[in-house]
Amino acid sequence: MEVFFHHVYIKYFTIQHFSGHADAQRVSYPRINTSRMKPAMEPPLIYLNNAATSWPKPPGVIAAVNDALALPFGEAGRSAAGLSSDCVADAREAVARYFHTPETDHVIFSANATDALNTLISGFAINEAGPFHAIISDLEHNSVIRPLRTLEAGGRCSVTVVPSTGARVDPDAVAAALRPDTRLAVLSHGSNVLGSVQDISAIGKLLQDESVFFIADGAQTAGLAQIDLGRLPLDAFVFTGHKYLFGLPGTGGFYIRAPGKAASTRQGGTGTDSRYPLQPQGMPEKFEAGTHNYPGLISLAAGIAFLEETGADAIARSITRQAGIFLREFSGTDTIQVYNTNPDLPVISFNLRDLENEDTGFVLRRMYGIVTRTGLHCAPFIHDRIDGGHGCVRISPSILTPDETCRSAAASIREVADSVHSA
Amino acid sequence: MSIVREKNFKNCADGRVKKEYLLSEPFTKETACSLSSFGSANVMEFLKKPFFTLVRPPGMNMRAVLGENTLEVWYEPADLPFSEPVIYRLLEGDPVVQDPS
């Protein structure tokens with residue numbers, strides 16, 4: 001798929017701003033004129049850190065946010081302003097449609113995947129009468145490890161870390177970790193270090209048979225893998241908006257199949273049942289309180305629209321093609337150690353033989369304009385296994401990264417590796 | 001040479017603190033030599049641009065591209081209050097500072 005970066009022309013337009021008085025006040029706002037977008041502009045950097053936050057954003061995302069900021073927000077459930085559509089409901093429908101969730105109002109918005117995981121893990125623990133056993137894998141992010149270790153430190157649970165084999169979690173290893181008191185499993189769907197996707201269908205089936213509450217952390221797969229929550233045997237699925245769903249940072253959430261399995265962990269205004277002193281237990285109010293991130297949710301809906309327009313097949317082809325570009329360039333040499341040569345996601349982690357990962361990242365950024373992520377990637381267990389806990393360099397293009405950019409970056413990385421080794 | 005100001009500050013995932021300094025003039029080979037008493041220094045001239053790196057165990061290191069006006073330093077948090085003033089003085093060519101340890 002050819003993707004062009006666009007010049008974004010900003011011009012001023014004028015709207016009538018009604019202040020409630022008879023006199024109208026003219027106010028000017030900057031606005032993106034999408035009709036005048038033109039191809040041509042190359043990004044100033046070779047940005048290969050999409051597994052952290054995607055960039056660039058699709059022009060439609062930028063335009064949607066810009067347009068929305070020019071008008072008052074219609075407050076979900078609270079206001080009759082009606083000056084714009086209910087962006088929260090629109091985003092909820094977009095997420096539900098994209099992930100094929102059976103119930104739209106079981107899609108809950110949060111600040112990000114970490115926030116969603118905290119809500120689910122804490123909410124589940126509140127509902128448990130006594131201490132319980134939980135299973136995670138060594139691929140987990142600190143957004144899973146820390147909430148569970150905190151519960152463990154408080155005597156609320158014990159945690160078993162299932163080691164991955166190669167880059168994947170073997171369902172049999174999860175089955176072997178089950179105990180009579182196992183009540184919760186939280187597993188990364190896609191590894192942010194190794195780019196591997198776990199078989200959450202097989203794992204979910206065996207956990208379902210044991211009545212274990214299963215949360216899949218889809219921070220790295222949402223927007224890349226085809227996810228059908230109507231069919232997957234999951235109790236909850238967590239997503240973030242700012243990575244491969246192409247929304248703004250500050251967006252994310254989760255889907256929960258049976259809301260009664262987790263208690264609400266935040267209370268406040270919902271725009272419903274205002275005389276009732278406790279948090280309403282209807283959905284989605286049970287897990288949402290306070291004002292939403294309106295611009296963020298508008299960007300999330302626009303990002304999903306871009307993905308739907310692009311199509312799952314094109315996304316899958318892009319992943320294979322981009323990973324292939326890097327892996328071919330990195331093959332046939334022992335100067336580049338790649339930690340997973342068969343990634344399912346556009347995530348490739350490596351170290352150069354004679355250069356510390358931070359030095360590699362510095363050289364790539366300062367000499368070649370290549371933005372990578374170095375060090376530990378908030379997933380300490382897997383680093384202990386693959387690189388002795390020292391960390392590594394991670395590159396992660398997106399479907400908006402042109403192939404030629406990938407080729408150029410791959411050649412630059414090989415050049416650095418060969419230069420260091422031959423010196 | 002001197003540090004004009006701190007450009008960036010970051011608490012890193014491995015627990016260290018990263019600071020990027022704006023220098024009053026470009027970092028040179030002589031600058032690298034002036035810092036060499038502080039740790040194990042290396043200039044890699046074979047890269048696209050000459051690259052300076054210095055390691056001071058247990059957890060401090062610094063990096064610069066020769067010819068550019070910035071210096072990146074990673075500190076152990078406990079070491080920061082002691083090491084940072086020394087780096088300022090070394091870059092200013094303070095002859096008093098010989099062995100910071």
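**Exercise 1. A sheet in chain A**

In which order do strands E13, E14 and E16 of chain A stand in their open sheet, and is the pairing parallel or antiparallel? Then find the edges and the helix that covers the sheet.

*Solution.* Please keep in mind throughout that this is a predicted model.

Step 1. Start with the pairing. The order is E13-E14-E16 in chain A, and these three strands pair in the antiparallel sense.

Step 2. Look for strands with a partner on one side only. These are E13 (336-338) and E16 (393-395) of chain A, the edge strands. From one strand to the next, the twist averages 35 degrees.

Step 3. Zoom in on one pair. Strand E14 (residues 348-352) of chain A is joined to E16(A) by three bridges. One residue to locate here is Ser349(A), whose bridge partner in E16(A) is Arg394(A).

Step 4. Add the helix. H8 (residues 312-330) of chain A lies across E13, E14 and E16 of chain A, and its direction makes about 20 degrees with E14(A).

**Exercise 2. The enclosed space**

How many cavities of 30 Å³ or more does a search of the whole structure find? Describe the lining of the largest.

*Solution.* A general reminder helps to begin: rolling a probe the size of a water molecule over the atoms shows where empty space is left.

Step 1. Count. The search finds one cavity of 30 Å³ or more, and the largest cavity holds about 70 Å³ of space.

Step 2. Name the lining. There are 13 lining residues, and Leu224(A), Tyr244(A), Ile315(A), Ser398(A) and Ile399(A) lie nearest the centre.

Step 3. Trace the lining to its elements. H8(A), the helix that lies across the sheet of Exercise 1, gives the largest share of this lining, four residues.

Step 4. Sort by class. Nine of the lining residues are nonpolar and four are polar, with no charged residue.

**Exercise 3. The second sheet and the chain contact**

What is the strand order of the open six-stranded sheet in chain B? Work out what packs on this sheet, then turn to the contact between the chains.

*Solution.*

Step 1. Read off the order: E1-E2-E6-E5-E4-E3 of chain B, paired antiparallel. The edge strands are E1 and E3 (40-44) of chain B. Direction ignored, neighbouring strands are turned by 15 degrees against each other on average.

Step 2. Follow one edge inward. E1(B) pairs with E2 (residues 17-23) of chain B over seven bridges. Within this pair, Arg5(B) stands opposite Leu22(B) of E2(B).

Step 3. Find the helix from the other chain. H9(A) lies across E2, E4 (51-56), E5 (60-65) and E6 of chain B, at about 20 degrees to E5(B).

Step 4. Find the helix from chain B. H2 (residues 80-91) of chain B packs on the sheet and touches E1, E2, E5 and E6 of chain B, with a direction about 155 degrees from that of E6(B).

Step 5. Now take the whole contact. Chain A contributes 15 residues and chain B contributes 20 residues. Together the chains bury about 1500 Å², of which 61% is on carbon and sulfur atoms. On the chain A side, Phe362(A), Arg366(A) and Met367(A) supply 41% of the buried area, more than any other three residues.

**Exercise 4. The largest pocket**

Which residues lie nearest the centre of the largest pocket? Identify the elements that build its lining.

*Solution.*

Step 1. Take the size: about 500 Å³ of space.

Step 2. Go to the centre. Among the 21 lining residues, Thr372(A), Arg373(A), Thr374(A), Lys10(B) and Lys18(B) lie nearest to it.

Step 3. Assign the elements. H9 (357-368) of chain A, with E1 (3-11) and E6 (70-75) of chain B, each supply at least two lining residues. The largest share, four residues, comes from H9(A).

Step 4. Sort by class: the lining has eight nonpolar, six polar and seven charged residues.

**Exercise 5. Backbone exceptions**

Where does the chain A backbone depart from the usual geometry?

*Solution.* Most residues other than glycine have a negative phi, and most peptide bonds are trans.

Step 1. Check the peptide bonds.
- Trp55(A) to Pro56(A) is cis, with omega near 0 degrees. Pro56(A) sits in the loop between E5 (46-47) and H1 (59-69) of chain A.
- Met283(A) to Pro284(A) is also cis, with omega about 5 degrees. Pro284(A) sits in the loop between E12 (252-256) and H7 (294-310) of chain A.

Step 2. Check phi. Ser211(A), not a glycine, has a positive phi of about 55 degrees. Ser211(A) lies in the loop between H6 (200-209) and E10 (213-217) of chain A.

Technical notes: Residues numbered from 1 in each chain as written. Chains lettered and ligands numbered in written order. Predicted model: local features only at pLDDT ≥ 70, side-chain atom pairs only at ≥ 80, totals over all residues. Heavy atoms only, no water. Pairing = 2+ DSSP bridges. Axes fitted to C-alpha atoms, helices over the stretch in contact; angles between N-to-C directions. Contact = heavy atoms within 4.5 Å. 1 Å grid on protein atoms, 1.4 Å probe; cavity = no way out; pocket = protein on both sides within 12 Å on 5 of 7 lines; lining within 4 Å. Points joined across faces, edges and corners; volume = space filled by probe spheres on them. Nonpolar A, V, L, I, M, F, W, Y, C, P; charged D, E, K, R; others polar. Buried area = accessible area lost by both parts, 1.4 Å probe.
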